[in-house]
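Ready for a few exercises at the bench-side screen? Open the model, try each task yourself, and then compare your path with the worked solution.

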Amino acid sequence: MIWFQRKHIRRTLLFASTLAVMVALALVSAGPVYAQDGVPPSALDPKGPNGAAISSLFGVVLAIAVVVFVIVEGMLLFSAWRFRQRPNDTTEPKQVHGNTRFEIAWTIAPAIIVVVLFVLALQTQQTLDAKPASAGDQLTVKVIGHQWWWEYQYPDLNITTATDLVIPVGKVVNLEISSVDVIHSFWIPQLNGKTDAFPNRINRSWIQADAAGVFYGQCAELCGPSHANMRSVVIAKDTAEFDAWVQQQQANPAPTADAAAQGEQLFLVSACIGCHQVNGTAAQGKVGPNLTHVASRTSLAGGMFTNTEGNLKRWLKNPPALKEGVLMPNLNLSDADIEALTAYMMSLK
Ligand code: CUA
């Protein structure tokens, strides 16, 4: 009888744990796909002149720090070993106070190091402020922080987009950085240091990418509950590809399939247009990201999720459940409406 009971318990435990694992797997596989997973951007792997200047300054500072560390720790270990207590040695060590030569040495040496670091930092600062002498025509982008996503306006090209900052390779891109709400900080570690984004103020910075590539960034100033979810990505394209992107972004999109046309009608009579803009339509909201070419972007929700149909549907179902504090409310859309809106969004290439 006892054996039966134990067997019963074992079976129940086995069944329960298998069920738990299956539910966990189902939850994981049904969850949204996060963008940028496994790609930590490193300032020590620079891809442009500003990133390189900062990285090489770090190298010099690190080298000095290593030398200081080895000398100080070496002297400490040597003293501990050389003046250790021997067996049967009960006499108190000779008591000393102060050593003028040492005092002078360890005051002057750090002072010299600090002056050297100051001069090097000043030089690097000048490198970051000055643009390369070879810089030809340049591109200007207004970088605007919002809780919690970045807006990019290309005033000379008449383009407004979000999260994906597309730039041409080898060209100086002047950034005019500001914010519409709280203080954010724009940071693409491989291309430049951090620049704070203030409301009612423009901070200037510039980036240049040496080769085509994708460079991830992260808001670097605590700006509210979704600060960690405020990401950015710089996509550097060769000139021909960049020009093609510009042409695509400047054109107004037109829905093609029936489902997309349905979605557009729904979009234009719903709350969406209070916050979002789609060029060439009645949707002219300025609070949320401009959605004119949302399907051409790599991510959703300020860089949080990969831009896929599944993620977009999850997002439309209940934004606050996916992104803490997000301004976009749960609109309680029906599954049919979500299908239609997703078809429309995905047609906005
Ligand atoms: Cu924006 Cu932190």
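Trp-150, Tyr-152 and Phe-186 form one aromatic cluster. Keep in mind that this is a predicted model.

**Exercise 1. Describe how Trp-150 and Phe-186 pair, and work out which parts of the chain they connect.**

Solution.
- Step 1: A pair of aromatic rings is described by the distance of the centres and the angle of the planes.
- Step 2: For Trp-150 and Phe-186, the centres are 5.1 Å apart and the planes make an angle of 80°. Planes over 60 degrees apart count as edge-to-face, and the pair is edge-to-face.
- Step 3: Locate the two residues. Trp-150 belongs to strand S2 (residues 149–154) and Phe-186 to strand S6 (residues 184–186), so their pairing ties together parts that lie 36 residues apart in sequence.
- Step 4: Check the surroundings. Trp-150 is buried at 0% relative accessibility, and Phe-186 is buried at 3%.
- Step 5: Put the pair in context: the model has 7 aromatic pairs by this rule.

**Exercise 2. Find which charged end sits over the ring of Trp-187.**

Solution.
- Step 1: Select the ring of Trp-187 and look for a charged group over it.
- Step 2: The charged end of Lys-194 is the one to pick, at 4.6 Å from the ring centre.

**Exercise 3. Lay out the open sheet of 5 strands and examine one of its strand pairs.**

Solution.
- Step 1: Read the strands across the sheet: the order is S3-S2-S1-S5-S8, and the pairing is mixed.
- Step 2: Mark the edges. Strand S3 (159–162) and strand S8 (203–207) each pair on one side only.
- Step 3: Add the twist: neighbouring strands are turned by 25° against each other on average, direction ignored.
- Step 4: Now take S1 (residues 139–146) and S5 (residues 173–179), which pair in the parallel sense over 7 bridges. Within S5, Glu-176 stands opposite Lys-142.

**Exercise 4. Do the same for the open sheet of 3 strands, then decide how S4 is placed in the structure.**

Solution.
- Step 1: This sheet has the order S4-S10-S9, again with mixed pairing.
- Step 2: Strand S4 (164–168) and strand S9 (213–218) are the edges; each has a single partner strand, so one side of each is left without a neighbour in the sheet.
- Step 3: From one strand to the next, the twist averages 20°.
- Step 4: S4 and strand S10 (residues 231–237) run parallel and are joined by 5 bridges. Across this pairing, Asp-164 stands opposite Val-233, and Ile-167 has Ala-236 as its bridge partner.
- Step 5: In a regular strand the side chains alternate between the two faces of the sheet. In S4, Asp-164, Val-166 and Pro-168 point one way, while Leu-165 and Ile-167 point the other way.
- Step 6: Count the buried residues: 5 of the 5 residues of S4 are buried, so the strand is largely enclosed by the rest of the structure.

**Exercise 5. Name the residues that touch the most other members of the largest nonpolar core, and trace the elements that build it.**

Solution.
- Step 1: The core holds 34 residues, and those touching the most other members are Val-141, Tyr-154, Leu-165, Leu-175 and Phe-186.
- Step 2: Two or more residues come from each of S1, S2, S4, S5, S9, S10 and helix H4 (239–250).
- Step 3: S10 gives the largest share, 4 residues.

**Exercise 6. Decide how many disulfides there are, using a sulfur-to-sulfur cut-off of 2.5 Å.**

Solution.
- Step 1: Take Cys-272. Its closest cysteine sulfur is in Cys-275, 9.0 Å away, which is too far for a bond.
- Step 2: The count for the model comes to 0 disulfides.
- Step 3: Look at burial as well: Cys-272 is buried with a relative accessible area of 11%, and Cys-219 is buried with 2%.

**Exercise 7. Locate the cis peptide bond and two positive phi values in the backbone.**

Solution.
- Step 1: Most residues other than glycine have a negative phi, and most peptide bonds are trans.
- Step 2: The cis bond joins Gln-147 and Trp-148, with omega about 0°. Trp-148 is in the loop between S1 and S2.
- Step 3: Asn-200 has a positive phi near 60°. This residue lies in the loop between strand S7 (195–197) and S8, and is exposed at 83% relative accessibility.
- Step 4: Ala-301 has a positive phi of about 55°. Its loop runs between strand S11 (299–300) and strand S12 (305–306), and Ala-301 is buried with a relative accessible area of 16%.

How values were computed
Residues numbered from 1 in each chain as written. Predicted model: local features only at pLDDT ≥ 70, side-chain atom pairs only at ≥ 80, totals over all residues. Heavy atoms only, no water. Pairing = 2+ DSSP bridges. Axes fitted to C-alpha atoms, helices over the stretch in contact; angles between N-to-C directions. Buried < 20%, exposed > 50% of the residue type's maximum accessible area, 1.4 Å probe, protein only. Phe/Tyr/Trp six-rings, centres within 6.5 Å; stacked < 30°, edge-to-face > 60°. Lys NZ or Arg CZ within 6 Å of the ring centre and 35° of its normal. Core = buried A, V, L, I, M, F, W, Y, C linked by side-chain atoms within 4.5 Å.
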